[in-house]
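Colleague: I have a predicted model open on my screen, and I would be glad of some company while I read it. Could you take a close look at one part with me and then walk me outwards from there?

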Amino acid sequence: MFPVVLQPRTLVRGCFSVCLALLPCLATAGGFQVAPTIVEVAPGTHVASLEVRNNNDQPVTVQVDALAWSQNEKGDQLDPASGGVVVPRIATLAPHASQLVRVAVQGESDHERAYRLRLREVPPPPPPQAAPGGPAAPA
């Protein structure tokens, strides 16, 4: 999970500052990573970018979800996010390729809002199986 924080309006044109504090991410089964570890959206803008890189010798499909994040006495609370857009939400990366992911924040606010980005590897489909009594699937 990667935190995204919307800070209150600043004195500079009353715009937001968004901070994506991205922790280094290496999937255990895969091998994709996310960079940079911190991304800031300057006042007057509403978009941040990060790069997802496939370190594998095989293609990898990654899904990105934005979640509203808050904390209470029971710990972290994650809910589906509104007011933000992630593009692309799902991407298939060729071996050793990278994909630029953009996070856009919609609307204005006078209070802090925090989000987490969840990046997950989508498992590949199972190999085709031979039909009973039919020819075997190619290996």
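Is H96 buried, partly exposed or exposed, and what is its relative accessibility?

Modeller: Happy to! H96 counts as partly exposed, because its relative accessibility is 41%. You will find H96 in the loop between β9 and β10, the latter being residues 98-105. Its backbone deserves a look too: H96 is not a glycine, yet its phi is positive, at about 60°. As background, most residues other than glycine have a negative phi, and most peptide bonds are trans.

That second point leads to another loop. V87 and P88 are joined by a cis peptide bond, with omega about -10°. P88 sits in the loop between β8 and β9, and β8 itself covers residues 84-87.

Before going further, a word on how far to trust what you see, since this is a predicted model. The mean pLDDT of the protein chain is 74, with 64% of the residues at 70 or more. Strand β9, residues 90-93, has the highest confidence, with a mean of 96. At the other end is strand β2, residues 18-21, where confidence is lowest, at a mean of 36. Over residues 6-29 pLDDT stays under 50, and for this stretch the model has 83 contacts beyond four places in sequence.

Now back to the loop between β8 and β9, because R89 lies there and forms a salt bridge that links it to another part of the chain. R89 and D65 meet through their side chains in a salt bridge, at 2.4 Å from N to O. D65 belongs to strand β6, residues 60-72, so this pair ties together parts that are 24 residues apart in sequence. The two partners differ in their surroundings: D65 is buried, with a relative accessible area of 8%, whereas R89 is partly exposed at 43%.

D65 has further partners. A salt bridge also joins D65 to R118, where the closest N and O atoms are 3.8 Å apart. R118 lies in strand β11, so this pair connects β6 with β11 across 53 residues of sequence. R118 is partly exposed, with a relative accessible area of 27%. The side chain of R120 meets that of D65 as well, in a salt bridge of 2.8 Å from N to O. R120 is likewise in β11, so here the parts tied together are 55 residues apart in sequence. At 37% relative accessibility, R120 counts as partly exposed. Through shared partners, these salt bridges join D65, R89, R118 and R120 into one network. A search of the whole structure finds three salt bridges.

While you are in β11, which spans residues 113-122, have a look at E121. E121 is partly exposed, with a relative accessible area of 29%. The C-alpha atoms of E121 and T61 are separated by 5.8 Å, although these residues are 60 apart along the chain.

Let me return to β10, the strand on the other side of the H96 loop. β10 belongs to an open sheet of four strands in the order β3-β5-β10-β8, with antiparallel pairing. The edge strands of this sheet are β3, residues 32-35, and β8, residues 84-87, each of which pairs on one side only. On average, neighbouring strands of the sheet are turned by 20° against each other, direction ignored. In general, strands of a sheet pair through backbone hydrogen bonds, in either a parallel or an antiparallel sense. If you want one pairing to follow on the screen, β3 and β5 (residues 47-54) run antiparallel and share four bridges. Within β5, E51 is the bridge partner of A35.

Finally, step back to the whole chain. The protein chain has 11 strands and zero helices, so to speak a run of β after β when read along the sequence. Among contacts with a separation of 6 or more, 58% are between residues 24 or more positions apart. Of the 139 residues, 32% count as buried. The accessible surface comes to about 8,600 Å², and carbon and sulfur atoms account for 56% of that area.

Conventions. Residues numbered from 1 in each chain as written. Predicted model: local features only at pLDDT ≥ 70, side-chain atom pairs only at ≥ 80, totals over all residues. Heavy atoms only, no water. Helix = DSSP H or I, 4+ residues; strand = E, 2+ residues; numbered from the N terminus. Buried < 20%, exposed > 50% of the residue type's maximum accessible area, 1.4 Å probe, protein only. Contact = heavy atoms within 4.5 Å. Areas by Shrake-Rupley, 256 points an atom, 1.4 Å probe, with all protein chains shown as cover. Pairing = 2+ DSSP bridges. Axes fitted to C-alpha atoms, helices over the stretch in contact; angles between N-to-C directions. pLDDT = per-residue confidence, 0-100. Salt bridge = Lys/Arg side-chain N within 4 Å of Asp/Glu carboxyl O.
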